[in-house]
Amino acid sequence: MYACDYLENGILNALRGVTFAAPSRCYLALYLNDPGESGAAGTEISYTGYRRMEISFSPPADVSGGIGIQNLTEITFPTPDAAAGTVTHIGVMDAQTGGNMLARGELIEPLAIGAKEPPVFLAGDVLLYLGGSLSRAFMAKVLNVLRGQTLQGITPYLSLWNGSPEAAGAELSGDNYARAELPLGAPSEQASGQVLTVSSALVKFPRPTTSWGTWTHTAVHSAPSGGEPVCVFQLTAAVELKRGYMPEFPAGAVEIGLN
């Protein structure tokens, strides 16, 4: 499954200080076609007795190098009296009627709904997986939104590292080293369907008066000190931050996205 616009915008705006309230419950919906990034483009199945079914997700866990969640229990929809069409896509909604689509996915095989044949999804059939440059801690927080855990808004800061902060790396240090606040613009959807927030102004670090060490990774952190990484980016080549070299990031140089 893939995150939809509503979830993507909510998560990225949390990096701009806007708390994203988690739904109290999530529901699985069935679609006869692709509902799209907005969730509004598809045709939800309709038959006498049909309703979206509540879905509960497992705690975030390692999946193929990323983090994922899956439905904990079997989900059985009401039984149709007559054939109701072929389900090709599913959506995770924040309400049993109306509401917003949080994630959507295409079935591996279309599901023809026959008379007296209730649609069934076994435990583990519905999987939402995240990867990319987001930190594992932040991916878990994103996925936990679908488990009822609100994501608090933060003010992000750029930090410089020798080694990844998620793999025993060490943050650079020196006479006047300090993390730099990262201003982010409003999220916008790209042609690919990905939603991005991009740095909106030049970000400058203090100028070292002594060496800060070897810079191999840049992280977006949740606080000016301590906190946790939100994203981690590896440099294409290590840089020695010697006396007088001032790291800076032009507007637009930092991109954070979800899909």
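**Exercise 1. Decide how covered helix 1 is, and find what covers it.**

Step 1. Helix 1 spans residues 5-14, and eight of its ten residues are buried, so it is mostly covered. Buried means under 20% relative accessible area, exposed over 50%, partly exposed in between (1.4 Å probe, protein chains only). Helices (H or I, at least four residues) and strands (E, at least two) are DSSP runs, numbered from the N terminus.

The model is predicted: local features need pLDDT of at least 70, side-chain atom pairs count only at pLDDT 80 or more, and totals for chains, interfaces and linings use all residues. Residues are numbered from 1 along each chain as its sequence is written, and side-chain values use heavy atoms, without hydrogens and water.

Step 2. Name the buried residues. Among them are Leu-7, Ile-11, Leu-12 and Ala-14. Asp-5 and Glu-8 are also buried.

Step 3. Find the cover. It includes strand 1 (2-3), strand 8 (101-113) and helix 2 (136-144).

**Exercise 2. Explain why Cys-4 forms no disulfide.**

Step 1. Recall the bond. A disulfide is a covalent bond between the sulfur atoms of two cysteines. The cut-off is a pair of cysteine sulfur atoms within 2.5 Å.

Step 2. Check the distance. The closest cysteine sulfur to that of Cys-4 is in Cys-26, 12 Å away, which is too far for a bond.

Step 3. Search the whole structure. The count of disulfides is zero.

Step 4. Check the accessibility. Cys-4 is buried at 0%, and Cys-26 is buried at 3%.

**Exercise 3. Place Ser-58 and list its contacts.**

Step 1. Ser-58 sits in the loop between strand 3 (53-55) and strand 4 (61-63).

Step 2. Its relative accessible area is 12%, so Ser-58 is buried.

Step 3. Leave aside neighbours within four places in sequence. Ser-58 then contacts (heavy atoms within 4.5 Å) Ile-69, Gln-70, Leu-72 and Arg-147.
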